[in-house]
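Hi everyone, thanks for making time for this. I'd like to walk you through one structure, so please have a look at it on the screen first.

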Amino acid sequence: MRYWLFKSEPSTWSWDDQIAKGDEGEEWDGVRNYQARNFMREMKLGDLGFFYHSQKEKSVVGIVEVCAEVHPDSKANDPRWECVDIKAVRSFATPVTLDQIKHHEPLAEMILVKNSRLSVQPVTPEEWAEVCALGQTDPA
């Protein structure tokens, strides 16, 4: 299993929107960055990810699971753009802010810290455990 981080502006697609989709999940559509798209190509069913609210909140608020592997983005007219589907697994007991992550030494090399603009990114198992601990949330 691998771990990921999915960023969304809450005004466009929020954690509450994701929860409302239930086990059916939702396409993680609209990604128009080649590196982020390539990361989605690596994802497998059952991989877990952090759901991150960007913009004003800037915090990890939940855990999602990949429920459909890469396929054409239904909202794109260009076959180069693909996406995965994700479903909500659980909310974070305590959201973990970007500021907390930046100031927590074991997370200093996290892509979120180094390249905060990338909308889909990998997370190491060690980073996964650290962020879950900060958020008082079960990592499994």
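When I say helix or strand today, I mean a DSSP run, with helices needing at least four residues and strands at least two, numbered from the N terminus. And please keep in mind that what you are looking at is a predicted model.

Let's begin with Glu127, which sits in helix H5, residues 125-134. What is the nearest side chain of opposite charge to this buried residue? That would be Lys114, at 9.9 Å, and Glu127 has no salt bridge. Setting aside neighbours within four places in sequence, the contacts of Glu127 are Leu107, Glu109 and Met110.

Now over to strand E1. Six of its six residues are buried. Tyr3, Leu5 and Lys7 point one way, while Trp4, Phe6 and Ser8 point the other way. Which strands does E1 pair with? With E3 the pairing is parallel, over six bridges, and there Lys7 has Tyr52 as its bridge partner. With E6, residues 120-123, E1 runs antiparallel and shares four bridges; in that case Trp4 is partnered with Pro122.

Let me stay a moment with Ser8, which belongs to E1, residues 3-8. Its relative accessibility is 8%, and the cut-off for buried is under 20%, so Ser8 counts as buried. A polar atom of the Ser8 side chain lies 2.6 Å from the backbone oxygen of Trp13. Beyond four places in sequence, Ser8 also touches a group of residues including Trp28, Phe51 and His53.

Next, the aromatics. There are eight aromatic pairs in the structure. Take Phe50 and Phe92: the ring centres are 5.8 Å apart and the planes meet at 75 degrees, so this pair is edge-to-face. Phe50 comes from strand E3, residues 48-53, and Phe92 from strand E5, residues 82-97, so the pair ties together parts that are 42 residues apart in sequence. Are these two rings buried or exposed? Phe50 is buried, with a relative accessible area of 0%, and Phe92 is buried as well, at 7%. Both belong to a cluster in which ring pairs link Tyr3, Phe50, Phe92 and Trp128.

That leaves the charged side chains. How many salt bridges are there? The count comes to eight. One of them joins Arg2 and Glu42, with an N to O distance of 2.6 Å. Arg2 is in the segment before E1 and Glu42 is in helix H2, residues 34-42, which puts the partners 40 residues apart. Both are partly exposed, Arg2 at 38% and Glu42 at 33%.

Another salt bridge brings Asp73 and Arg32 together at 3.0 Å. Asp73 is in the loop between E4 and E5, Arg32 in the loop between E2 and H2, and they are 41 residues apart. Here Asp73 is buried, at 3%, whereas Arg32 is partly exposed, at 39%.

Then we have Glu82 and Arg41, at 2.5 Å. This pair links strand E5 to helix H2, across 41 residues. Glu82 is buried at 17%, while Arg41 is partly exposed at 39%. Finally, Lys21, Glu24 and Glu26 form a network of salt bridges.

So that's the tour. To close where we started: Glu127 is buried and has no salt bridge. Thanks for listening!

Methods: Residues are numbered from 1 along each chain as its sequence is written. This is a predicted model: local features need pLDDT of at least 70, side-chain atom pairs count only at pLDDT 80 or more; totals for chains, interfaces and linings use all residues. Side-chain values use heavy atoms; hydrogens and water are left out. Buried means under 20% relative accessible area, exposed over 50%, partly exposed in between (1.4 Å probe, protein chains only). Lys and Arg count as positive and Asp and Glu as negative; His and the chain ends are not counted. A salt bridge is a side-chain nitrogen of Lys or Arg within 4 Å of a carboxyl oxygen of Asp or Glu. Contact means heavy atoms within 4.5 Å. A polar contact is a pair of N or O atoms within 3.5 Å; within protein, one must be able to donate a hydrogen and the other to accept it, and residues adjacent in sequence count only if both atoms are side-chain atoms. Rings of Phe, Tyr and Trp (its six-membered ring) pair if their centres lie within 6.5 Å; planes under 30 degrees apart count as stacked, over 60 as edge-to-face and the rest as tilted. Two strands pair if DSSP finds at least two bridges between them.
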